[in-house]
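This report describes one structure for a reader who has not seen it before. Please look over the sequence and the model before reading on.

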2 protein chains.
Amino acid sequence: MKPPNDPGGSRRPIKGRKIADRRVRVERPHAAFFRYTGEGSLVAKAAASRPLTRAGRFVARVSAIALGRPLASEEEIGERLSKKKALAIFSSDAISSSAYATEEILRVLILAGTAALLVSIQIAIAIAIMLAMVALSYRQVCRAFPGGGGAYAVARSELTPMLGLIAAGALLIDYVMTVAVSTSSALDQIFSIAPGIASLRIEIGILAIVLITVGNLRGLRESGNIFAVPTYVFLALAMLIVASGVVHIVTGEAHPLPHQANAEPLGTEALGLLLLLRAFASGSVALTGVEAIANGVPAFKPPEAKNAANTMTMMSILLAIIFIGLTVVAHAYGIIPSLHGAPSVVALVAGTAFGDGPLYYTFQIATALILFLAANTSFNAFPRLAAILADDGYMPRQFAFRGDRLAYNWGIVVLAGIACLLLVAFGGVTTMLIPLYSVGVFVCFTLSQVGMVRHWRRVRETGWWWRASINGIGAVMTGVVLVVVASVKFTSGAYLVVILIPILVAMFWFIHHQYGAAARQLAMRPDQIVRPPHRDERVIIPVPTLNRAVVQAVNVGRSISEDVRAVYISDDPDQATELRKRWQQQVPGVPLVIVESPYRALVGPLVAYLDVLDSAWPADHEAPITFVVVPEYVARHWWERILYNQSAKRLRTALLGRPHTVVVNVPYRREDPIFETRTRGAGPGSDAGTDAGLDPQTSNAPQR
Amino acid sequence: MKPPNDPGGSRRPIKGRKIADRRVRVERPHAAFFRYTGEGSLVAKAAASRPLTRAGRFVARVSAIALGRPLASEEEIGERLSKKKALAIFSSDAISSSAYATEEILRVLILAGTAALLVSIQIAIAIAIMLAMVALSYRQVCRAFPGGGGAYAVARSELTPMLGLIAAGALLIDYVMTVAVSTSSALDQIFSIAPGIASLRIEIGILAIVLITVGNLRGLRESGNIFAVPTYVFLALAMLIVASGVVHIVTGEAHPLPHQANAEPLGTEALGLLLLLRAFASGSVALTGVEAIANGVPAFKPPEAKNAANTMTMMSILLAIIFIGLTVVAHAYGIIPSLHGAPSVVALVAGTAFGDGPLYYTFQIATALILFLAANTSFNAFPRLAAILADDGYMPRQFAFRGDRLAYNWGIVVLAGIACLLLVAFGGVTTMLIPLYSVGVFVCFTLSQVGMVRHWRRVRETGWWWRASINGIGAVMTGVVLVVVASVKFTSGAYLVVILIPILVAMFWFIHHQYGAAARQLAMRPDQIVRPPHRDERVIIPVPTLNRAVVQAVNVGRSISEDVRAVYISDDPDQATELRKRWQQQVPGVPLVIVESPYRALVGPLVAYLDVLDSAWPADHEAPITFVVVPEYVARHWWERILYNQSAKRLRTALLGRPHTVVVNVPYRREDPIFETRTRGAGPGSDAGTDAGLDPQTSNAPQR
């Protein structure tokens, strides 16, 4: 599929010969890449942002077929989501949490023996009530922030920047945890139907994250239709499980599983308040991902806010039914969590409901896929939030850069790296990751509810009191749950998040301060006028030998200044003498300085030589700008980067902080026509063809 | 300690202000860093290679006190080693292997029950005979290759380059294994006296390797006197153990240990030929490191070859006595290897001989230290061999680079990395690493003996027949052992080495081929003469905003060419309009092109703009050289490198392969006087002091 506004067709890679082709083909050279909008103003077309590498272009073509073409900012309006599609895309995160929430409740209650498992139903209902409250609150966020009201945006604009940063830190943690928890839970589902590969848990988990990462680096978008399939399959089959389970219960056919291999051993703790709170805290992970729709309001078809709010309601109802339903059915079947996570509770429920048939396998695969989709949503959300933070100066700027495929590569890679580390550190065990997950989520919930209360008090539109109370109740509720989760789960991992959020906030402030200080240092007063410079220039060319790359560097050096000298650093005096002889013959007019380096060092003697040159300059004159012109060999393969240009890299690093000094890298490629030589003794123009890079027309051009 | 030929005293870091100071202080600017040896010829003094960073200089001072100052190539002759010191330095690798060789024999024999342990003495004697043969052979290498005859040098010059590369591959593996085996055996010794920390095996092992690595990166040399101490303590105490053990045996007081906790369970295998061969193969690890003296002949005091040969004899005798002695005594005390390596067999022997007193602890610490010293010798040998291979074009050139502290940083880091990986992969268990070790060692032995036979046949000096037979017998013997080791240990790890050597050789050839191809592509005919260029130049400055760094880049750009234009790439038209207004006022004469990038990409639109400029050039003219001048902010801290200049890096990468294009990085530092501005309306010279970078003398200098 071609972008509609690309008359020039596909863009070829930048190659010397290609330019010549295009020169003939394209009449108005701007046309292919730019729209001319006035004196010195151009607007880039899609062609100007195409991938530069061959692999990148191939993937772009494949994914354009599978996923649709990438969108420009202004085009996005044409691609709004219907409610049906939005439900599939935005709710994978929230709905997929029903795959592990019931199990987390049972895992706590089992400590008090089988009888305690009955309480799981009450706890599930309590969580569903909280879900309803949060969903009501977020319906209001959809209306109040139609631009997409992430917790960071709400807290920053309605509360203080500091609370915004806390929300941002919590959100970043939340996204990382979504990847880790969803991946490890997806593995539990896979191992439930394929227990043989369970020993490769970590490896498969990392492989999955790597695949999702590569997909996202290549510009994978979640908007494709294929993403809706697993969500609807999961929804349909989960409903079927719940329905058949209810029928079984009503008809009295719900018999407990006779014997469950690999079950968690029963505990003997008393069913006290603390245990109930812990079970509630564990189960509240069902609420994670609910906010996704509120963040994505602009992606809905108009009326955006209303459609988003209704989708939010729909999603919450579905989630509540599946969550409570699975909990009730699991209890009716007498299911106990497995010792090492697999088979999972949902797998056991599905197995009891469907038997060992194709429906069971389909459901398990759909569950694993919806969990991977949930992980994938974080790969969109994390880099986008990081880019917003980078634009606001709270994260390093490269998080706002877009790669070849217009993906925020830095954010994607950092997210994948941290998620993999978490997976390894916690052995890919879902239960151990949950405490880290819930705290971040409830920090965001609470902050955005509190922000909404402030919002309504500020705008005071009709019914603001009513709206503010809903958000207020939501804030109190989620705040209490936050305190409960953080305290009962403190020792089992929640303390990490409690430490991490202040560290992240401190990092945001530090970076903000740094960028501010640098901007002040670099600032110019508006009344300062820049005049042309008068400084002398001098060119130093460190040469490793005499070859075509060096000649090219010499030519570039000569076009910068007339004061050009080459420096040869060597520990071998014989080679030096030989090079001097060749040099004087073949490069007349450019002096060669030989620096013997008995310590076999390269950078030190060169820097010392530059120092000596500077200090030899008369004291009452400013030293000239020194251009250090470094020949480089253009690598055409990745491994060539290891083999070549390492000296050039070191010189650049060593010279970066040097005053009056500018490093010029001159890449050499064989086709490059900068290269100009003349056969000795041959008359002007008579030596055509003796050398690939020779330029007979111009070899007797006057010296500049 | 100052280098003797450094009249200028310590060299200060390169800073703008320092140059001015030095200009006043130093009359002949060459004097501090260079010796002037003729027209355009300088020889760098030690001062020119001093560390450039503050931390580097501090470490240099500390280690100069502890270890002596670094040596220039030509100075090394003044630092020759006496036999006593050479024994300590070169033999740590060989002698330290007596700390695990006996144990390796016992570990195999125990599979046939306690009775089989008696055979360990015969096996030790057989190995000692082979040691004598190898030592005799290497005495001859000392005489034939007084320049240092590593297996690579011998095989390359006496056999074929291919066999040289096989030897090089085997040697590199050998050095890596020395680090891994010595470190893990040192850990066994430490855990023998401190079993409480044995669970941190991998962590402590990696810590030890990291410490050795840092020491070597900082220019640690093994020549210091402190390195001799552990070797001599180990030698003295080992002799004492052997002597007291022999006395016990003679007087009949050598009672077997009553009960040995944690002992390896007795096996029930028959004591067949295969088991004997396996025990012999395991014990032959005692020979590792014997070649070190032959590699280091030039470091001896004259007469080098004779002194080295005699040291070789001495070392072999000591090693044989200790190895056989420890084996005999261990058997007399009825010692059985421990299940997890600690307490080690030497520790059990020493414990029986010395009791639980200070001598025991001293011996264990000395044993651990001599093993770490053995690991340290590889940190000298591996990078040096890699540098030789790099100089010969068989490894990437950066292995021949020397860092600030004149250490081969690349080799050191690669060695440490691989050794750590091995330690982790094999759980730091010495026994599991041994099979990988012996194969490489015996490949080197065999190749260098065969090479020596060829050598004697070629030179045919008096008694060559006799000498050739010694080396011939040595070659056959080590060749047979090589086959035995490789076959009986094949499945337990030796196959890795058998696979790895061809892979390494293939890699060497590939790299050699690449460098050769590149050199041919770059080669110039000797009759080609380089004339001054005639090409037009054009400067493009991508600007992120208008600030002092940008102004500096504009000034540099203007001094390169008169055709300068700035390009601003943005997705925000309002910001663009604002910048254009400021730019036209403050930087008159330099046009600003605004490229709107609705896809928020930076690199793509810039490259497309450069393409458009090129294609707009008349078809019958060559396109000018395009200088892309990129402003950079000089980072003063490591974290600043993360925060700044990321765009500059991306532009450089994207433009590296572009024809006619040269990237110029202009670093900005506040002190840098390239920066020149003029307050609007102020007369020439009247605006002194209004701006830090202002240069009143020159602000009305004529335009270039």
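The text below covers the basis of the model, a strand of chain B, the nonpolar cores, the salt bridges and the cysteines.

This is a predicted model, in which local features need pLDDT of at least 70, side-chain atom pairs count only at pLDDT 80 or more, and totals for chains, interfaces and linings use all residues. Residues are numbered from 1 along each chain as its sequence is written, chains are lettered from A and ligands numbered from 1 in the order in which they are written, and side-chain values use heavy atoms, with hydrogens and water left out.

**Strand β7 of chain B**

Helices (H or I, at least four residues) and strands (E, at least two) are DSSP runs, numbered from the N terminus. A residue is called buried under 20% relative accessible area, exposed over 50%, and partly exposed in between (1.4 Å probe, protein chains only). Strand β7 of chain B spans residues 625-633, and 9 of its 9 residues are buried, so the strand is largely enclosed by the rest of the structure. Burial applies to both faces of β7(B): one side carries Ile625(B), Phe627(B), Val629(B), Pro631(B) and Tyr633(B), and the other carries Thr626(B), Val628(B), Val630(B) and Glu632(B).

Two strands count as paired if DSSP finds at least two bridges between them. Strand β4 of chain B (residues 537-542) pairs with β7(B) in the parallel sense over 4 bridges, and Arg538(B) has Thr626(B) as its bridge partner. The pairing of β7(B) with strand β8 of chain B (residues 661-668) is also parallel and runs over 8 bridges. There, Pro631(B) stands opposite Val666(B).

**Nonpolar cores**

A nonpolar core is a set of buried Ala, Val, Leu, Ile, Met, Phe, Trp, Tyr and Cys residues joined through side-chain atoms within 4.5 Å. The largest has 150 residues, of which Val290(B), Phe363(B), Leu389(B) and Phe508(B) touch the most other members. Helix α15 of chain B (residues 358-391) gives the most to this core, with 15 residues. Another core, of 148 residues, lies apart from it and includes Ala99(A), Leu275(A), Met452(A) and Trp456(A).

Contact means heavy atoms within 4.5 Å. Leaving aside residues up to four places away in sequence, Val290(B) touches Ala94(B), Leu131(B), Val134(B), Met312(B), Met315(B), Leu319(B) and Phe445(B).

**Salt bridges**

A salt bridge is a side-chain nitrogen of Lys or Arg within 4 Å of a carboxyl oxygen of Asp or Glu. Over all chains the count is 20. Three of the pairs are listed here.

| Pair | N to O distance |
|---|---|
| Arg458(A) and Glu158(A) | 2.7 Å |
| Arg467(B) and Glu461(B) | 3.7 Å |
| Arg652(B) and Glu632(B) | 3.8 Å |

Arg458(A) lies in helix α17 of chain A (residues 430-459) and Glu158(A) in helix α7 of chain A (residues 151-158), so their salt bridge ties together parts that are 300 residues apart in sequence. Arg458(A) is exposed, at 54% relative accessible area, while Glu158(A) is buried, at 5%.

Arg467(B) is partly exposed at 25% relative accessibility, and Glu461(B) is partly exposed at 39%.

In the third pair, Arg652(B) is buried at 13% and Glu632(B) is buried at 6%. Apart from these pairs, Arg538(A), Asp611(A), Asp614(A) and Arg658(A) are linked in a network of salt bridges.

**Cysteines**

How many disulfides are there over all chains? With a disulfide taken as a pair of cysteine sulfur atoms within 2.5 Å, the count is 0. Cys420(B) is buried at 15% relative accessible area, and Cys444(B) is buried at 4%.
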